[in-house]
Amino acid sequence: MTGNEVAESKIEYQRYSDFPSQYVVPRNVDVWSPPGYDEQTGTRYPVIYMHDGQNLFDPALSTFGVTWGVAETLTELINEKFGGAIVVGVWNSGEGRARDYMPQKPLETAEAAALKSDFIAQKNGESVSDRYLRFLVEELKPFIDKTYRTLPDQTNTFIMGSSMGGLISLYALEEYPEVFSRAGCLSTHWTIGGELLVDLMGSALPKPDNHKLYFDYGTVGLDSDYEPYQQRMDRILEVSGYTRGEDFLSLKFEGEEHSERAWSKRLAIPLRFLLGLQ
């Protein structure tokens with residue numbers, strides 16, 4: 001498979017259009033390499049897999065015309081002597097986004113029968129997130145590791161997203177703790193499952209060991225409903241042996257809403273924490 005170089009927003013990256021999969025519908029995958037990648041032929045890099053990839057690099061493609069600014073933020077960190085990272089932006093599937101991102105195994109428990117029924121009615125089908133994660137782990141990651149100079153081990157493989165993308169990032173770490181070491185969950189959309197989803201996902205946390213988790217939320221719009229659920233997850237993390245500031249961070253951003261604009265403003269904070277730069 002070959003990629004096309006894209007520089008639509010002055011950010012250059014490779015696009016793999018309609019990346020094929022036996023598990024999920026094809027979707028675009030955009031890959032950003034750090035400045036100097038082509039010249040530094042012996043250097044290998046950690047990899048950050050990010051959901052909603054169309055919202056990362058080009059405002060013309062982003063859902064609301066604003067990107068995460070991930071390339072810009074990482075470049076600033078590189079200028080501060082950070083070695084750099086490769087970003088893999090996995091586009092969502094449009095109408096199937098919620099089905100790809102809703103954690104599947106929690107819905108299959110007996111106590112979540114009503115929640116599963118409501119989800120199916122609202123989203124026109126069952127969660128297929130186990131298939132989405134198999135796509136990431138069994139198909140996309142091997143391709144990325146073969147095509148790019150990655151550090152493919154668990155310690156250097158991260159996953160990140162916002163809203164429903166926050167849920168699937170946590171779920172990826174829980175389902176594949178041997179593949180992903182860090183997960184960034186911004187404005188995690190707990191309200192789709194409420195306390196039950198928090199508790200079910202909290203019961204599946206891997207041991208801290210070599211894992212780090214980042215959570216945050218704002219106080220405006222959708223984010224205004226997240227605080228009690230995130231506080232509940234924070235308590236579960238602490239009971240499970242996670243130490244605040246070391247194994248996990250959970251931050252509140254007053255006055256910030258549920259948007260790429262808000263996430264881009266604070267993106268350096270989770271990146272610094274997950275990459276061990278603070």
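Select Leu167, Leu170, Tyr171 and Glu174 in helix 6, then add Leu197, Met201 and Gly202 in helix 7; in this predicted model the two groups are in contact with each other. By class, five nonpolar residues, one polar and one charged make up this contact of helix 6 with helix 7.

Extend the selection to the whole of both elements, residues 164–175 for helix 6 and residues 194–202 for helix 7. Their axes come within 11 Å and cross at roughly 25°. Because the crossing angle is under 35 degrees, helix 6 counts as roughly parallel to helix 7.

Keep helix 6 on display and bring in helix 5, residues 129–147. Here the axes are 11 Å apart, and the packing angle is about 70°. That angle makes helix 5 roughly perpendicular to helix 6. For the side of helix 5, select Ser129, Asp130, Tyr132 and Leu133; for that of helix 6, select Ile168, Tyr171, Ala172 and Glu175. The contact of helix 5 with helix 6 divides into five nonpolar residues, one polar and two charged. Tyr171 deserves a label of its own: this residue of helix 6 belongs to the contact with helix 7 and also to the contact with helix 5.

The next stop is a salt bridge. Select Arg97 and Asp52, whose side chains meet at 2.8 Å, N to O. The pair links distant parts of the chain, the two residues being 45 residues apart. Arg97 is in helix 2 (residues 97–101), whereas Asp52 lies in the loop between strand 4 (47–50) and helix 1 (70–79). The count for the structure comes to 18 salt bridges.

Stay with these two residues and add Phe64, Ser163 and His258: together with Asp52 and Arg97 they lie nearest the centre of the second largest pocket. This pocket has a volume of about 290 Å³ and is lined by 19 residues. Helix 2 and helix 9 (260–266) are the elements that give two or more residues to its lining. By class, the lining of the second largest pocket has nine polar residues, five nonpolar and five charged.

Move now to the largest pocket, with a volume of about 400 Å³. To find its centre, select Glu12, Tyr13, Ser33, Pro34 and Asp38, the closest to that point of the 18 residues in the lining. Then colour strand 2 (13–19), strand 3 (27–32) and helix 1, each of which supplies at least two residues of the lining. Nine nonpolar, four polar and five charged residues form the lining of the largest pocket.

The tour ends at an enclosed space. The structure holds one cavity of 30 Å³ or more, and the largest cavity has a volume of about 40 Å³. Select Gln104, Leu107, Glu108, Lys116, Glu126 and Ser127 to show the residues that line the largest cavity. Three charged residues, two polar and one nonpolar make up this lining. Glu108, Lys116 and Glu126 may be coloured as the charged residues, and Leu107 as the nonpolar one.

Note on methods
Residues are numbered from 1 along each chain as its sequence is written. This is a predicted model: local features need pLDDT of at least 70, side-chain atom pairs count only at pLDDT 80 or more; totals for chains, interfaces and linings use all residues. Side-chain values use heavy atoms; hydrogens and water are left out. Axes are lines fitted to C-alpha atoms, for helices over the stretch in contact, and angles run from 0 to 180 degrees between N-to-C directions. Helices (H or I, at least four residues) and strands (E, at least two) are DSSP runs, numbered from the N terminus. Angles under 35 degrees count as roughly parallel, over 145 as roughly antiparallel, 65 to 115 as roughly perpendicular and the rest as oblique. Contact means heavy atoms within 4.5 Å. On a 1 Å grid over the protein atoms alone, a cavity is a set of points where a 1.4 Å probe fits but cannot get out, and a pocket is an open set with protein on both sides within 12 Å along at least five of seven lines; lining residues have an atom within 4 Å of a point. Grid points are joined across faces, edges and corners, and a volume is the space filled by probe spheres set on the points. A salt bridge is a side-chain nitrogen of Lys or Arg within 4 Å of a carboxyl oxygen of Asp or Glu.
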